[in-house]
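Please open the model in your viewer and keep the selection tool at hand. The stops below proceed from one selection to the next.

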Number of protein chains: 2
Amino acid sequence: MKITALAGGVGGAKMVDGLAQILPAKDLTVIVNTGDDFEHLGHKICPDLDTVCYTLAGLANPETGWGRKFESWGAMESISALGGPDWFRLGDRDLGTHLERTRRLRMGQTLSQITTDFCSAWEIGPGILPMCDEATPTMVLTEQGELAFQDYFVARHCEPQVLSFRFANIENSRPAPGVIEAIKAADHVIICPSNPWVSIDPILSVPGIKDEVGKKHVVAVSPIIGGKAVKGPAAKMFAELGITPSAQAVAQHYGSLLDGFILDNVDEEQVELMESMETTTFVTNTLMKTSEDQAQLAQEIVDWINSR
Amino acid sequence: MKITALAGGVGGAKMVDGLAQILPAKDLTVIVNTGDDFEHLGHKICPDLDTVCYTLAGLANPETGWGRKFESWGAMESISALGGPDWFRLGDRDLGTHLERTRRLRMGQTLSQITTDFCSAWEIGPGILPMCDEATPTMVLTEQGELAFQDYFVARHCEPQVLSFRFANIENSRPAPGVIEAIKAADHVIICPSNPWVSIDPILSVPGIKDEVGKKHVVAVSPIIGGKAVKGPAAKMFAELGITPSAQAVAQHYGSLLDGFILDNVDEEQVELMESMETTTFVTNTLMKTSEDQAQLAQEIVDWINSR
């Protein structure tokens, strides 16, 4: 059974890591959000791609969920001492990734080519694809004006109240090479427990991707458990947009794209509501604290998909 | 007594550090070679400026003479693992300097402005000036063709035989703000024990600098001791250009610009030859192994200058 997963950062990386533990590498492809990507200190930084890749390569920092383990901070300390911008914390090993990626981009290589090469160097089995090769920066319209995503997310700690989102330049983007093929080849598409607004919607907004996903069996895993996001601002965003954050709200957000939805045991009472939406549901423990949790959830989802 | 020093990398930094130990900060200005500067991994790297600044700031690695102490190498390891260029070793703290400098250059600041700001952040007392704000890359014509300086120096370990040097774009450069003023204000100009060909000649080739230096009392410290360079390829360059490397050859290289020359005890027999050149000489221990050696040599030179 071939699976293609749509993933953002930390939650997506955990789900994908679980799937990678139980599926043959050739049967798993991950399409990753690049709406969070930005230029900082002259470098192209791809937070979600790096989180997914570092996680699959065993290079991720298990405590933060982002960045690298065994990391040092010499470059940032040096920049801080010179009064330079230190609001976006870049570890030294992580910085090496951005330097080499930026060097290759300046040589004319595409983000998808570079990602393939990096995955090969990091000995990552599953296919990892950026959603597109073009820059499509996510803009957050807030009560304090429109903010670039990392300005909203990191510099302002998601504090400004959100009004809406805009994926700049998305109309000029094309699915990266392999993306449409991976969706076509998939028996199931899994939408990872990532932020629907700023991790999954950008992927689905690249012209052509949502149409192709819509032809497939699609299941989503709720990133909202007990009305709260496991990580990040998803619940806060739902609330600010006037929607009570819940697993059901996530399912409603994806609407008719889904034919299956996975939610946590603590949200079991929402199953009845969702079945009125004609979405079949699977209820289990979706909180992934350990690598074993990740593999177990992945196995349960795959078994459930197979049994339907 | 005001001193203005002309300096390259390691030898220059040692001499300047000695002078900084014995002179009031306001009485010492250093004009630093930027012919070695280059772009690497998207960053502007200024090896001689950084060596001089790190040394004066107490941040230099005392074992290598270049780079920083307490350094880590996470970024380079990461780049190496991705198959990226790792021939020019950049430590993490050092990299922070290049990132912040490059960020400011892209904002439109000049190298001399940035250097002043960095020296302030690093609490360096003496004035440190790049010779010019323009890029004037030193090119080494060798039997293997013309090579950019760092390609010759680092990537090829100075192995190709040298035919001549060219300071690209030097005719379009101007002395950085403060350079001419510092020379005019100096009671003496000291040419540090740096490579005459690729550290001092670029400085003297910036239009206007040599003329202004020529109006001053100028002394040079020999970088050649016992026919060998303390560090770097100076002796090899002399030999390849058909000149027996010696303290005397250094004095001849600078010619009538000098009115005083400092050479090592081991080269005492060359004094007689040099006095026929009408250059007065001072013979002492010029090998600076420790910080105390640096201060002692600086004090001896200043005392000698004062006594003339």
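A residue is called buried here if 20 or more other C-beta atoms lie within 10 Å of its own, and exposed if 12 or fewer do. The coordinates to which this criterion is applied are those of a predicted model.

**First stop: helix 2 of chain A**

Select residues 47–57 of chain A, which form helix 2. Ten of its eleven residues are buried, so helix 2 of chain A is largely enclosed by the rest of the structure. To display the buried set, pick P47(A), D48(A), L49(A), D50(A), T51(A), V52(A), C53(A), Y54(A), T55(A) and L56(A). Then step just past the end of the helix to G58(A), whose phi is positive, at about 75°.

**Second stop: V52 in chain B**

Move to chain B and select V52(B), which is placed in helix 2 (residues 47–57) of that chain. Is V52(B) buried or exposed? With 32 other C-beta atoms within 10 Å, V52(B) is buried, because the criterion asks for 20 or more. To see what V52(B) touches, leaving aside residues up to four places away in sequence, add A7(B), G12(B), A13(B), V16(B), V30(B), V32(B) and I128(B) to the selection. For a distance check, draw a line from the C-alpha of V52(B) to that of I209(B): the two are 20 Å apart in space and 157 residues apart in sequence.

**Third stop: strands 2 and 5 of chain A**

Return to chain A and select strand 5, residues 127–130. G127(A) and L129(A) point one way from this strand, I128(A) and P130(A) point the other way, and all are buried. Now add strand 2, residues 28–32, which pairs with strand 5 of chain A in the parallel sense over four bridges. Within this pairing, look for I31(A), which stands opposite L129(A).

**Fourth stop: helix 8 of chain B**

Select residues 196–205 of chain B, the span of helix 8. Nine of its ten residues are buried, so helix 8 of chain B is largely enclosed by the rest of the structure. The buried residues include P196(B), V198(B), S199(B), I200(B) and D201(B). P202(B), I203(B), L204(B) and S205(B) are buried as well.

**Fifth stop: two loop residues of chain B**

Which backbone feature does E123(B) show although it is not a glycine? E123(B) has a positive phi, of about 55°. Select E123(B) in the loop between helix 5 (111–121) and strand 5 (127–130) of chain B. E123(B) is exposed, because it has 9 other C-beta atoms within 10 Å.

H157(B) is not a glycine either, and its phi is positive at about 50°. To find H157(B), go to the loop between helix 6 (149–155) and strand 8 (162–167) of chain B. H157(B) counts as exposed, with 9 C-beta neighbours inside 10 Å.

**Sixth stop: the contact between the chains**

Show both chains together. The contact takes 27 residues from chain A and 27 residues from chain B. On the side of chain A that touches chain B, the elements giving two or more residues are helix 3 (74–81), helix 4 (92–106) and helix 5 (111–121) of chain A. Which of these gives the most? Helix 4 of chain A does, with ten residues. Colouring this side of chain A by residue class yields ten nonpolar, ten polar and seven charged residues.

Next, superpose chain A on chain B: a rotation of 180° with 0.0 Å of shift along its axis does so, at an RMSD of 0.0 Å. That is the relation of a two-fold axis. Select D92(A), whose C-alpha is the nearest to the axis in chain A, at 3.1 Å. The same surface serves both copies, since 100% of the contact residues of chain A recur in chain B.

**Last stop: chain A as a whole**

Finally, zoom out to chain A, which holds 13 helices and 14 strands. Its radius of gyration is 19 Å, close to the 19 Å that the globule rule gives for 308 residues, so chain A is as compact as a globular protein of that length. Along the principal axes, the C-alpha atoms of chain A fill a box of roughly 60 × 45 × 40 Å. Buried residues make up 51% of the 308 residues in chain A. Of the contacts in chain A between residues at least 6 apart in sequence, 66% join residues at least 24 apart.

Colour chain A by confidence to close: the pLDDT averages 96, and 100% of the residues score at least 70. For the complex, the predictor gives an ipTM of 0.92 and a pTM of 0.92.

Technical notes: Residues numbered from 1 in each chain as written. Chains lettered and ligands numbered in written order. Predicted model: local features only at pLDDT ≥ 70, side-chain atom pairs only at ≥ 80, totals over all residues. pLDDT = per-residue confidence, 0-100. Contact = placed C-beta atoms within 7 Å. Nonpolar A, V, L, I, M, F, W, Y, C, P; charged D, E, K, R; others polar. Rg over C-alpha atoms; globule rule 2.2 N^0.38 Å. Least-squares fit on C-alpha atoms with pLDDT ≥ 70 in both. Pairing = 2+ DSSP bridges.
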